[in-house]
Amino acid sequence: MRGRVVIIALALAAVAIAYAASGSGGEHGEQERPRATAAPTAAADAVHVALVYSPEKRSLLAPLIKRFNAQRLTSGGRPVTVDATVVPSGDAETRIAEGTLRPVLWSPASSFWGRLLNYEADRALAPDENPSIVRTPLVIAMWKRLADAYGHPRRPLGYRHLGELATGGWAAVGKPQFGAFKYVHTNPDFSTAGLSAVAASYYAAVGKREGLTQADVARGRDQVRRLERSIVHYGDTTLFISDEMRRRGLGYASAAAMEETTLIDFNRRAGDGERLVAVYPEEGTFESDNPLITLRGTWVEPHQQRAAKVFAAFLADAVTPEAAGRHGFRPADRDDEPAGLVSTDLGVDPAQPERVLSLPEPRVLARIRSAWRADRKPARVMMVFDNSASMGGEDKLERARAALKGFFRRAGRQDHIGLMKFSSDITTLVPIGPIRANRAKLLAAADTILPDEDTRVRDATIAGVEAVEAKLDRDMINAVVVLTDGQDTASARTGYDVVKELEAQGRRESGQIRVFTIAYGREANEDELAKYAEASGGKTYKGGTDEIASVYRSISSFF
């Protein structure tokens with residue numbers, strides 16, 4: 001009941017302010033590039049409230065924000081306008097802590113992130129108690145065929161059992177016909193699902209449901225590390241993972257950690273195809289409570305805080321259990337029954353989870369993330385960088401080189417990275433090798449890249465794949481990252497040739513080389529680059545000089 005009291009108290013207080021001020025009673029990337037929610041033209045005297053929220057709530061919040069702005073509710077006699085942007089929770093937390101993102105309101109997927117923000121910023125930017133918009137538990141999404149073969153739900157299934165599958169494959173449970181066990185979760189530095197999955201793995205490893213300590217993290221590392229070795233890749237959002245499961249089926253992954261609402265959406269769109277089943281781990285799971293946080297930063301003015309309460313009141317009234325259920329979410333209050341799409345017909349159990357894990361202390365969360373960075377599955381990546389003549393204008397080359405160097409600085413000590421540039425010629429600047437030996441070489445080589453002649457992006461893409469293939473390691477995440485700002489002008493291959501070559505290697509049972517593409521600026525061939533990424537199981541991005549650092553950061557979430 002404590003959560004309900006907080007929600008109701010905050011909502012009623014906000015409603016009172018909204019009514020007095022107005023005089024009346026009354027859903028899928030990655031990066032999920034930051035997106036603003038369209039709004040009617042704001043009044044000249046409007047109070048603007050910047051809102052940042054996590055991607056899985058877009059279908060729920062975007063129409064509500066539009067409706068709120070159209071109503072022109074007031075605070076202090078001035079209309080309130082919400083300017084909304086979608087940013088993955090972990091990325092937003094990092095940028096707010098650094099001071100490069102300064103919203104008034106922030107709705108990450110979980111209160112995890114408010115705790116981490118206060119810890120990493122070393123100041124209380126997020127209040128301890130915040131109203132929840134909706135809830136959704138973390139589940140293990142497993143193909144129904146595999147869950148049935150395993151014996152779920154009669155046979156217990158949790159993180160301990162996933163670890164056994166990770167080391168022994170399906171043969172460990174008497175089902176060798178399904179081969180190796182392949183697991184996917186998002187990157188804990190970016191995504192709530194990833195952080196929740198890894199934290200829950202540590203709880204399971206030490207047999208606890210609350211009170212996880214730093215000593216427990218040290219004690220549970222070996223078991224968690226074994227599960228991480230079954231990872232296909234990481235990523236910034238579960239929406240990309242869901243799309244890949246739909247596109248590639250059982251050959252892509254056996255199971256994935258995702259929010260219940262994402263699984264519901266998957267099954268809604270499955271038609272007569274293969275469906276997923278929500279496994280609520282026997283050791284317990286976390287709930288994403290989707291808090292609405294009014295930040296206490298120095299950039300937030302008192303009149304914006306008051307205006308934020310008007311929007312909070314609007315949401316408290318608008319997001320009923322039925323409204324939440326229409327988008328696959330559970331009500332904010334645990335005492336309210338789930339409604340709408342949260343049903344057994346769509347592969348979930350409204351009566352679960354039986355056990356909800358308690359949030360670890362911020363220092364323990366930070367320790368979990370640092371342990372994961374050291375223990376995660378390593379990556380082997382060739383960076384392929386366009387240095388054609390068109391890169392010489394508009395500060396493009398300088399900004400892209402700086403973003404590339406940021407990628408090198410973020411690479412984990414277990415990763416192997418190389419660098420290639422291309423114009424009319426394709427040149428390997430640094431062969432793929434351990435980042436511990438290569439980091440300084442890569443940073444120095446990036447500074448030597450200057451504009452040259454034509455653009456051989458097709459040939460360069462395949463050259464990057466061949467460089468990874470030459471040192472392929474099936475126990476690593478193998479990938480190529482291609483940046484280009486223009487159309488191909490000099491390749492021997494056609495775009496069709498490239499797609500066919502990438503499709504052939506993308507159909508492998510293991511050792512796939514995923515190609516991530518960046519359409520940089522206005523002249524790049526976005527459609528063709530998207531086909532390369534799709535054919536290989538990678539992801540495509542687009543962005544200009546202002547977005548390129550965020551794009552490279554988002555791509556780094558896959559490794």
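# Strands, helices and rings in a predicted model

Strand S1 (residues 47–53) and strand S3 (residues 78–86) pair in the parallel sense over seven bridges. Helices (H or I, at least four residues) and strands (E, at least two) are DSSP runs, numbered from the N terminus, and two strands pair if DSSP finds at least two bridges between them. The structure is a predicted model, in which local features need pLDDT of at least 70 and side-chain atom pairs count only at pLDDT 80 or more, while totals for chains, interfaces and linings use all residues. Residues are numbered from 1 along each chain as its sequence is written, and side-chain values use heavy atoms, with hydrogens and water left out.

Within the S1 and S3 pairing, Leu51 has Ala84 in S3 as its bridge partner. S3 is also joined by two bridges to strand S2 (residues 74–75), and these two strands run antiparallel. Here Ser75 is opposite Arg78 in S3. S2 and S3 make a hairpin, with two residues between them.

**Helix H3**

Ser89 belongs to helix H3 (residues 89–98). Its relative accessibility is 4%, so Ser89 counts as buried. The term buried stands for under 20% relative accessible area, exposed for over 50%, and partly exposed for values in between (1.4 Å probe, protein chains only). In H3, eight of the 10 residues are buried, so the helix is largely enclosed by the rest of the structure. Those buried residues are Ser89, Gly90, Asp91, Ala92, Glu93, Thr94, Arg95 and Ile96. Their cover includes S1, strand S4 (105–107), helix H4 (112–121), H7, H13 and helix H19 (548–556).

Ser89 has contacts (heavy atoms within 4.5 Å) with Ser54, Trp106, Pro108, Ala109, Trp113, Phe190 and Thr192, leaving aside its neighbours within four places in sequence. The Ser89 side chain also reaches the backbone nitrogen of Ala109 at 3.0 Å. This is a polar contact, meaning a pair of N or O atoms within 3.5 Å; within protein, one must be able to donate a hydrogen and the other to accept it, and residues adjacent in sequence count only if both atoms are side-chain atoms.

**Helix H6 and three glycines**

Tyr159, His161, Leu162, Gly163 and Leu165 are buried in helix H6 (residues 159–168). The buried residues of H6 pack against strand S5 (136–143), helix H5 (144–150), strand S6 (183–184), helix H7 (192–206) and H8.

The table lists glycines with a positive phi.

| Glycine | Place | Phi |
|---|---|---|
| Gly76 | in the turn of the S2 and S3 hairpin | about 60° |
| Gly99 | just after H3 | about 90° |
| Gly169 | following H6 | near 70° |

**The six-stranded sheet**

Six strands form an open sheet of mixed pairing, in the order S13-S12-S11-S14-S15-S16. At its edges are strand S13 (426–434) and strand S16 (540–543), each of which pairs on one side only. On average, neighbouring strands of this sheet are turned by 15° against each other, direction ignored. S13 pairs with strand S12 (residues 416–422) in the antiparallel sense over six bridges, and Ile417 has Gly433 in S13 as its bridge partner.

Helix H16 (residues 457–470) lies across strand S11 (379–386), S12, S13, strand S14 (477–484) and strand S15 (513–520), and runs at about 160° to S14. Axes are lines fitted to C-alpha atoms, for helices over the stretch in contact, and angles run from 0 to 180 degrees between N-to-C directions.

**Aromatic rings**

A search of the whole structure finds 16 aromatic pairs. Rings of Phe, Tyr and Trp (its six-membered ring) pair if their centres lie within 6.5 Å; planes under 30 degrees apart count as stacked, over 60 as edge-to-face and the rest as tilted. The ring centres of Phe181 and Tyr183 are 6.3 Å apart and the planes are at 25°, so this pair is stacked. Both Phe181 and Tyr183 are buried.

Tyr234 and Trp372 form an edge-to-face pair, with 5.0 Å centre to centre and 85° between the planes. Tyr234 lies in the loop between helix H8 (214–228) and helix H9 (238–248), and Trp372 in helix H13 (residues 362–375), so the pair ties together parts that are 138 residues apart in sequence. Both Tyr234 and Trp372 are buried. One aromatic cluster is formed by Phe240, Phe407, Phe408, Phe516, Tyr552, Phe558 and Phe559.
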